[in-house]
Amino acid sequence: GDSPKATPTAELTVSNRSIMVFRATVLGESPELRVKRAKAVIGEALEGNEHLAVRIDPIRESYLVLLGERRAFIVAPKDVDPVAFSSTFEAAQSAADNLRQVVSETQEARSLRFILEAIGFSVLATVLFIAALKSIHFIRRKLLERLTALMERHSQAIKVGQTPILDIN
């Protein structure tokens, strides 16, 4: 059973996906504080553009879960739910797999967003190009109408025997 001094657990979730449940106080940090710190590190890492490898490194009887070059969190022996996992390594491996899934989904979503933005810009550029072509065509037509009318006036003046006034200085 729980002793009166038992530390409350805290679940680390990223993008609505459970990574792991912290049960131990590690380096003086409660499970709740560890969740806050891990979320900050993971969130910052996911905002970047570099490819993020998730790996685990043993440190004494615990395991560091690394995200790129950052320490995402530590899995301590007292974090392990003995019903779910047979060892600290197995729990760390599971947490790393969950984190890998989040990284992969985040990067896929980002590349999908990038593709959709690129398509949007292409459509906008096409619309602007068509608008430019139509306005050039319209201006050309108006100029030709004016030029034709001007030429007719000058040819009328020449037929009547008058010299058109053309300034060629």
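Q: How much area does the protein expose, and what share of it do carbon and sulfur atoms supply?
A: Let's start with the outside of this predicted model. The protein exposes about 12300 Å². Carbon and sulfur atoms supply a share of that area equal to 59%.

Q: In what order do the elements of the protein run from the N terminus on?
A: The protein has 2 helices and 5 strands to place. Read from the N terminus on, they run β-β-α-β-β-β-α.

Q: Which strands are the edge strands of the open sheet?
A: This open sheet has 3 strands in the order 3-4-5, with antiparallel pairing. An edge strand here pairs on one side only, and that picks out strand 3 (54–59) and strand 5 (70–75).

Q: Over how many bridges do strand 3 and strand 4 pair?
A: Here is a friendly reminder: strands of a sheet pair through backbone hydrogen bonds, either parallel or antiparallel. In this pair, Ile-56 stands opposite Val-65 in strand 4, and Pro-58 stands opposite Tyr-63. Strand 3 and strand 4 (residues 62–67) are antiparallel, and the number of bridges between them is 6.

Q: Which residue takes a positive phi in the hairpin of strand 4 and strand 5?
A: Strand 4 and strand 5 pair in the antiparallel sense over 5 bridges, and Leu-64 stands opposite Ile-74 in strand 5. Their hairpin has 2 residues between the strands, and the one with a positive phi near 65° is Gly-68.

Q: Why is strand 4 largely enclosed by the rest of the structure?
A: In a regular strand the side chains alternate between the two faces of the sheet. In strand 4, Ser-62, Leu-64 and Leu-66 point one way and Tyr-63, Val-65 and Leu-67 the other way, and all are buried. Strand 4 is largely enclosed because its buried residues number 6 of 6.

Q: How far apart are the end C-alpha atoms of helix 1?
A: Helix 1 (residues 31–47) lies across strand 4 and strand 5. With 17 residues at 1.5 Å a residue, a span of 24 Å is expected for helix 1. The model agrees, because the end C-alpha atoms are apart by 24 Å.

Q: Around how wide an arc do the buried residues of helix 1 lie?
A: The buried residues of helix 1 are Pro-31, Arg-34, Val-35, Ala-38, Ile-42, Ala-45 and Leu-46. They sit on the same side of helix 1, because around the axis they cover an arc of only 100°.

Q: Which exposed residues does the face of helix 1 turned away from its buried side carry?
A: Now look at the face of helix 1 turned away from its buried side. The exposed residues there are Glu-32, Lys-36, Glu-44 and Glu-47.

Notes:
Residues numbered from 1 in each chain as written. Predicted model: local features only at pLDDT ≥ 70, side-chain atom pairs only at ≥ 80, totals over all residues. Heavy atoms only, no water. Helix = DSSP H or I, 4+ residues; strand = E, 2+ residues; numbered from the N terminus. Areas by Shrake-Rupley, 256 points an atom, 1.4 Å probe, with all protein chains shown as cover. Pairing = 2+ DSSP bridges. Contact = heavy atoms within 4.5 Å. Axes fitted to C-alpha atoms, helices over the stretch in contact; angles between N-to-C directions. Expected span 1.5 Å × (residues − 1). Buried < 20%, exposed > 50% of the residue type's maximum accessible area, 1.4 Å probe, protein only. Arc of directions from axis to C-beta.
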